[in-house]
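Please open the model in your viewer and keep the selection panel at hand. The tour goes from the whole chain to single strands and then to a few single residues.

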Amino acid sequence: MAIVYQKTPGLTDKELHYCPGCNHGIIHKLVAESLVELGLLDSAIGVCPVGCSVFAYNYFNCDMLEAAHGRAPAVATGVKRTHPDQAVFTYQGDGDLASIGAAEIVHAAMRGEKFTTIFVNNAIYGMTGGQMAPTTLIGQRATTCQSGRTVEQAGKPIRVAEMLSTLDGCVYAERVCVTDIANINKAKRAIKKAFQKQMDREGFTFVEVLSTCPTNWGMTPVKAVQWLKENMIPYYPLGVIKDAGADAEVK
């Protein structure tokens, strides 16, 4: 019998530790498949964050480094500058990237560092217990804003992809989600394109993936997906935000 589908060699056989309904597993799969299909897996170097995906080095079947909280872009900068011919990526959540690591990602994008960032935005701090993140929506509840986030107290959520797209060194920024097959396919195309543009030495590339967190949102996985569609996508619209430089076609 012919094999029509099998697990990507871009992932190890280690069992994922993520909560039921978490989208990290899907996003890991898309990143790993992209590296394999582009012929980059054997030379790829990833940088893990502090957060729910802190153990990502157990799952990606390529060289991985662990960075201090928020410092993955700084580590990736050093790695890419010393290994300019290898695919380098950071895999970061919204607390790690948009809060403690905000300066790191802004300056990496400003300098046009030639690595790729996969930014997983679930609008909350996941690993540490559900605190409000810079991406938490207005009215959304968290352990540190139990009546819901307000503009007066915390300002409006940061649209990271739009912010980074204003910087000249950022050549590609797209926001996607993985709520269904159609969007999963779009997310994979975006990730492959980001890696391809990196390898073409165009500049900094960024893919933001809207994700669910059923545990800290206090919802079932099914309700969490619906909540993302009804609440996150209107504020964080999907699509290409910036595409500059030579636009290599990725199939």
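What follows is a sequence of selections, each with a short account of what is found there.

**The whole protein**

Begin with everything displayed as a cartoon, and bear in mind that this is a predicted model. The protein has nine helices and seven strands. Its radius of gyration is 17 Å, close to the 18 Å that the globule rule gives for 251 residues, so the protein is as compact as a globular protein of that length. If you turn the C-alpha trace along its principal axes, the spans are about 50 × 50 × 30 Å.

Colouring by accessibility shows that buried residues make up 52% of the 251 residues. The protein exposes about 11100 Å², of which carbon and sulfur atoms supply 55%. Among the contacts with a separation of 6 or more, 69% are between residues 24 or more positions apart.

**Strand β6**

Next, select residues 204-210, which form strand β6. Is this strand largely enclosed or left open by the rest of the structure? Seven of its seven residues are buried, so β6 is largely enclosed by the rest of the structure. In a regular strand the side chains alternate between the two faces of the sheet. With side chains shown, you can follow F204, F206, E208 and L210 on one side of β6 and T205, V207 and V209 on the other, and all of these are buried.

Keep β6 selected and add strand β4, residues 116-121, which pairs with β6 in the parallel sense over six bridges. To find a place where the two strands meet, look for T117, whose bridge partner in β6 is F206. Then add strand β5, residues 170-177, which runs parallel to β6 and is joined to it by seven bridges. Here F206 appears again, since A173 stands opposite F206 in β6.

**From β5 to β6**

Now add helix α7, residues 181-199, to the display of β5 and β6, and trace the chain through these three elements, which make a right-handed β-α-β unit. In the loop between α7 and β6, pick out R201. This residue has a positive phi of about 60° although it is not a glycine. R201 counts as partly exposed, at 44% relative accessibility.

**Strand β3**

Clear the selection and choose residues 88-93, strand β3, where six of the six residues are buried, so that β3 is largely enclosed by the rest of the structure. Both of its faces are covered, with V88, T90 and Q92 buried on one side and F89, Y91 and G93 buried on the other.

Which strands pair with β3? Strand β1, residues 45-48, runs parallel to β3 and is joined to it by three bridges, while β4 pairs with β3 in the parallel sense over five bridges. A useful landmark is F89, which is the bridge partner of G46 and also stands opposite T116 in β4.

**The loop after β4**

Follow the chain out of β4 into the loop between β4 and α5, and select A123 there. A123 has a positive phi of about 65° although it is not a glycine. In contrast to the partly exposed R201, A123 counts as buried, at 0% relative accessibility.

**Two cysteines**

Select C48 and C62 together and show their sulfur atoms. How far is the sulfur of C48 from the closest cysteine sulfur? The closest one belongs to C62 and lies 8.8 Å away, too far for a bond, given that a disulfide needs the two sulfur atoms within 2.5 Å. The structure as a whole holds zero disulfides. C48 is buried, with a relative accessible area of 0%, and C62 also counts as buried, at 14% relative accessibility.

**Helix α4 and R111**

For the last stop, select residues 102-111, helix α4, and centre the view on R111. At 41% relative accessibility, R111 counts as partly exposed. When its neighbours within four places in sequence are left aside, R111 is in contact with T77 and R81. If you also select D42, you can check a longer distance across the model: R111 and D42 are 69 residues apart in sequence and 27 Å apart in space, C-alpha to C-alpha.

Terms used. Residues are numbered from 1 along each chain as its sequence is written. This is a predicted model: local features need pLDDT of at least 70, side-chain atom pairs count only at pLDDT 80 or more; totals for chains, interfaces and linings use all residues. Side-chain values use heavy atoms; hydrogens and water are left out. Buried means under 20% relative accessible area, exposed over 50%, partly exposed in between (1.4 Å probe, protein chains only). Helices (H or I, at least four residues) and strands (E, at least two) are DSSP runs, numbered from the N terminus. Two strands pair if DSSP finds at least two bridges between them. A crossover is right-handed if, with the strands pointing away from the viewer, the path from the first strand over the helix to the second runs clockwise. The radius of gyration is taken over C-alpha atoms; the globule rule is 2.2 Å times the number of residues to the power 0.38. Contact means heavy atoms within 4.5 Å. Accessible areas come from the Shrake-Rupley method with a 1.4 Å probe; for residues, only the protein chains shown count as cover.
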